[in-house]
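Here is a briefing on one protein model. Keep the structure open as you read, and find each part in turn.

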Amino acid sequence: MAKRGKRYQETAKLVDRNKLYEPDEALSLTKQTAKAKFDETIELHVRLGVDSRHADQQVRGAVVLPHGTGKTVRTLVFAKGDRAKEAESAGSDYVGAEELVAKIQNENWFDYDVIIATPDMMGVIGRLGRVLGPKGLMPNPKAGTVTNDIAKAVQEAKAGKIEYRLDKTNIIHCPIGKASFESDKLRENFETLVSAIIKAKPAAAKGTYIRSCTVAASMGPGIKVNSAKLS
């Protein structure tokens with residue numbers, strides 16, 4: 001295991017690894033552990049009592065955080081005609097069609113954070129599956145990124161809409177803000193995401209749904225949240 005830096009070791013002393021913290025206390029402590037010279041991202045990690053290998057136990061969706069993530073989101077929209085004009089009016093950073101597919105294929109171009117597409121463009125974008133899939137950039141109807149309501153999708157992405165999905169170890173990892181956020185804003189973002197995950201509980205899920213919940217600054221130690229009251 002790699003040796004942790006001095007700063008990490010100092011902040012780790014603030015955290016009782018055996019304690020389950022109430023959400024407010026955990027988020028406050030997370031802000032205290034964010035000692036880096038940049039504005040660290042606060043992340044939420046939720047382990048669920050489901051098996052992601054089964055299609056009927058998948059947990060995936062998207063939610064708009066009330067206070068955003070603190071990150072400037074760059075959008076790329078695949079659309080034509082009136083839908084392309086809507087995307088431009090809504091403030092999308094990039095708008096186009098086949099020529100942007102070629103740019104991604106030929107130039108390995110990734111100067112954007114979210115891709116939104118109209119349904120009729122998915123046949124064209126399908127060629128990029130191997131490139132976009134592993135980066136989590138492939139548009140998806142469940143996430144609201146395959147839609148004819150392009151203006152709304154762009155506005156939501158810019159406002160702080162995040163996608164949540166299980167990884168192979170049945171954990172959801174999502175940003176819920178920055179260390180510079182006020183505690184109450186972090187709490188509202190935290191509650192919004194947790195509520196969305198609870199609502200997305202598959203019917204096939206048995207036993208305890210939220211197994212564990214941890215918050216952490218990007219360079220700080222994990223802080224365990226008392227998840228018993230969450231679900």
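**Strand S1 and its partners**

In S7, Thr 41 has Lys 178 as its bridge partner. Keep in mind that this is a predicted model. The points below start from S1, then move to the cores, a helix and a second sheet.

- S1 and S7 run antiparallel, and seven bridges join them.
- S1 also pairs with S8 in the antiparallel sense, over seven bridges.
- One bridge partner to find in S8 is Ala 217, which pairs with Ile 42.

**The nonpolar cores**

- The largest nonpolar core has 36 residues. Which of them touch the most other members? They are Leu 44, Leu 48, Tyr 164, Phe 190 and Leu 193.
- Several elements each supply at least two residues of this core. Strands S1 (41-48), S6 (161-165), S7 (171-178), S8 (210-217) and S9 (223-225) do so, as do helix H2 (23-33) and H8.
- H8 gives the most to this core, with six residues.
- Apart from this core lies another, of 17 residues. Its members include Ala 97, Phe 110, Tyr 112 and Ile 115.
- Leu 44 touches residues from distant parts of the sequence, not counting those up to four places away. Among them are Ile 172, Cys 174, Phe 190, Leu 193, Cys 213 and Val 215.
- In soluble globular proteins, nonpolar side chains tend to be buried together.

**Helix H8**

- Helix H8 covers residues 183-199, which is 17 residues. At 1.5 Å a residue, H8 should span 24 Å. Its end C-alpha atoms are 24 Å apart, so the model agrees.
- Which residues of H8 are buried? They are Leu 186, Asn 189, Phe 190, Leu 193, Val 194, Ala 196 and Ile 197.
- Seen down the axis of H8, these buried residues fall within an arc of 160°, so they line one face of the helix.

**The open parallel sheet**

- Three strands form an open sheet, in the order S4-S3-S5, with parallel pairing.
- Why does one side of S4 and of S5 have no neighbour in the sheet? S4 (94-96) and S5 (114-117) stand at the edges, and each has a single partner strand, so one side of each is left free of a neighbour.
- From one strand to the next, the twist averages 15°.
- S3 (residues 75-78) and S4 run parallel, joined by three bridges. Here Leu 76 stands opposite Tyr 94 in S4.
- Helix H4 (residues 98-107) lies across S3 and S4. H4 runs at about 125° to S3.

Notes
Residues are numbered from 1 along each chain as its sequence is written. This is a predicted model: local features need pLDDT of at least 70, side-chain atom pairs count only at pLDDT 80 or more; totals for chains, interfaces and linings use all residues. Side-chain values use heavy atoms; hydrogens and water are left out. Two strands pair if DSSP finds at least two bridges between them. Helices (H or I, at least four residues) and strands (E, at least two) are DSSP runs, numbered from the N terminus. Axes are lines fitted to C-alpha atoms, for helices over the stretch in contact, and angles run from 0 to 180 degrees between N-to-C directions. Contact means heavy atoms within 4.5 Å. The expected span of a helix is 1.5 Å times one less than its number of residues. Buried means under 20% relative accessible area, exposed over 50%, partly exposed in between (1.4 Å probe, protein chains only). The arc is that of the directions from the helix axis to the C-beta atoms. A nonpolar core is a set of buried Ala, Val, Leu, Ile, Met, Phe, Trp, Tyr and Cys residues joined through side-chain atoms within 4.5 Å.
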